[in-house]
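User: Please take a close look at the charged side chains in this model and at how they pair up. Then follow the chain outward from those pairs and explain each term as you go, since I am new to this.

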Amino acid sequence: MFRLLEPDEPAAVEVLRADGASPLFLTCDHAGRRLPKRLGNLGLPEEELSRHIAWDIGAADVAKALSAHFDASLVTQTYSRLVIDCNRPSEVPSSIPVISEETDIPGNHGLDPAEIDARRREIFEVYHHAIASALDDREARGQPTVLVSVHSFTPIFKGFRRPWDIGLLYHRDNRLARWLGDLLDAEEDLVVGDNEPYAVSDTTDYTIPVYGEG
């Protein structure tokens, strides 16, 4: 079986404050920009790997600060979204992008099934299993849970300058977003996006494990 990660490489997931008392449960799908040794630099120069296409810049720091402040559990993902995007269903083309924004990703072209399976098995599934297990544990002990996925967005996307300072994204339940929106709207120097810069849908809010229908 093809292996992606070598034994001395970091795990795909980091869990902080697993027993945090807060009802907040934080995730950060694009926390890291690390590349497995076997993949080299994916054919990209460092200036590309430092851009938002490789990770959510600043999101991990924000998530860790929130975790510390609220005593909230946090699950973060170590490897670059260019290896596999943990905020996409694993069967969609953008799961392992060959182009991100307008940048070609040479190391993602022509992957054979074993290489794709290794990325899914060793990163995507490990990360989502950690989230699902943590949520199951919280439910078992009767701990209330408000799941918040922390991301950042690039201020310029394909030439479009986004006007928002903060985006509040939601799909199944808008109660927290509405409450935060009211608070943030009171800050006159902030432009707050309501499901902007993009709306959340069943194909993108993949942080939330789906157990059957309903």
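Analyst: Arg3, Asp117, Arg121 and Glu122 are linked in a network of salt bridges, where a salt bridge is a side-chain nitrogen of Lys or Arg within 4 Å of a carboxyl oxygen of Asp or Glu. The model is a predicted one, in which local features need pLDDT of at least 70 and side-chain atom pairs count only at pLDDT 80 or more, while totals for chains, interfaces and linings use all residues. Residues are numbered from 1 along each chain as its sequence is written, and side-chain values use heavy atoms, with hydrogens and water left out.

Within that network, Asp117 forms a salt bridge with Arg121, and the closest N and O atoms of this pair are 2.3 Å apart. Asp117 and Arg121 both belong to helix α3 and are 4 residues apart, which is about one turn of the helix; helices (H or I, at least four residues) and strands (E, at least two) are DSSP runs, numbered from the N terminus. Asp117 is partly exposed, its relative accessible area being 36%. On this scale, buried means under 20% relative accessible area, exposed means over 50%, and partly exposed is in between, using a 1.4 Å probe and protein chains only.

By the same salt-bridge rule, the count comes to 12. Among them is the pair of Asp56 and Arg81, with the closest N and O atoms 2.8 Å apart. Asp56 is in the loop between α1 (46-49) and α2 (59-70), and Arg81 is in the loop between β3 (73-77) and β4 (99-100), so this pair ties together parts that are 25 residues apart in sequence. Asp56 is buried, and Arg81 is buried too. A further salt bridge joins the side chains of Asp194 and Arg178, at 2.8 Å from N to O. Asp194 lies in strand β10 (residues 192-194) and Arg178 in helix α4 (residues 175-185), so the pair ties together parts that are 16 residues apart in sequence. Asp194 is partly exposed at 42% relative accessible area, and Arg178 is partly exposed at 40%.

Another charged side chain meets a ring: Arg33 lies over the face of Trp55, at 5.6 Å from the ring centre. For a charge to sit over a ring, NZ of Lys or CZ of Arg must be within 6 Å of the ring centre and within 35 degrees of the ring normal.

From Arg81 the path leads to Pro97, which touches Arg81, Leu82, Ile105 and Asn108 when residues up to four places away in sequence are not counted; contact here means heavy atoms within 4.5 Å. Pro97 is placed in the loop between β3 and β4, and at 11% relative accessibility it counts as buried. Leu82, with its neighbours within four places in sequence left aside, is in contact with residues including Leu42, Leu44, Ile53, Pro97 and Arg119.

Leu82 also brings us to the nonpolar interior. A nonpolar core is a set of buried Ala, Val, Leu, Ile, Met, Phe, Trp, Tyr and Cys residues joined through side-chain atoms within 4.5 Å. In the largest such core, which has 28 residues, Leu4, Leu82 and Ile123 touch the most other members. Helix α3 (residues 113-140) supplies the largest share of this core, 8 residues. Apart from this core lies another, of 9 residues, among them Cys28, Ala60, Leu74 and Val150.

Why does Cys28 form no disulfide with Cys86? A disulfide is a pair of cysteine sulfur atoms within 2.5 Å, whereas the sulfur of Cys28 is 11 Å from the closest cysteine sulfur, in Cys86, which is too far for a bond. Cys28 is buried at 0% relative accessible area, Cys86 is likewise buried at 0%, and the structure holds 0 disulfides.

Lastly, there are some backbone details to look at. Most residues other than glycine have a negative phi, and most peptide bonds are trans. Arg17, in the loop between β1 (13-16) and β2 (24-28), has a positive phi near 55° and is partly exposed at 36% relative accessible area. Asp71, in the loop between α2 and β3, has a positive phi of about 55° although it is not a glycine. Glu196 and Pro197 are joined by a cis peptide bond with omega about 15°, and Pro197 lies in the segment after β10.
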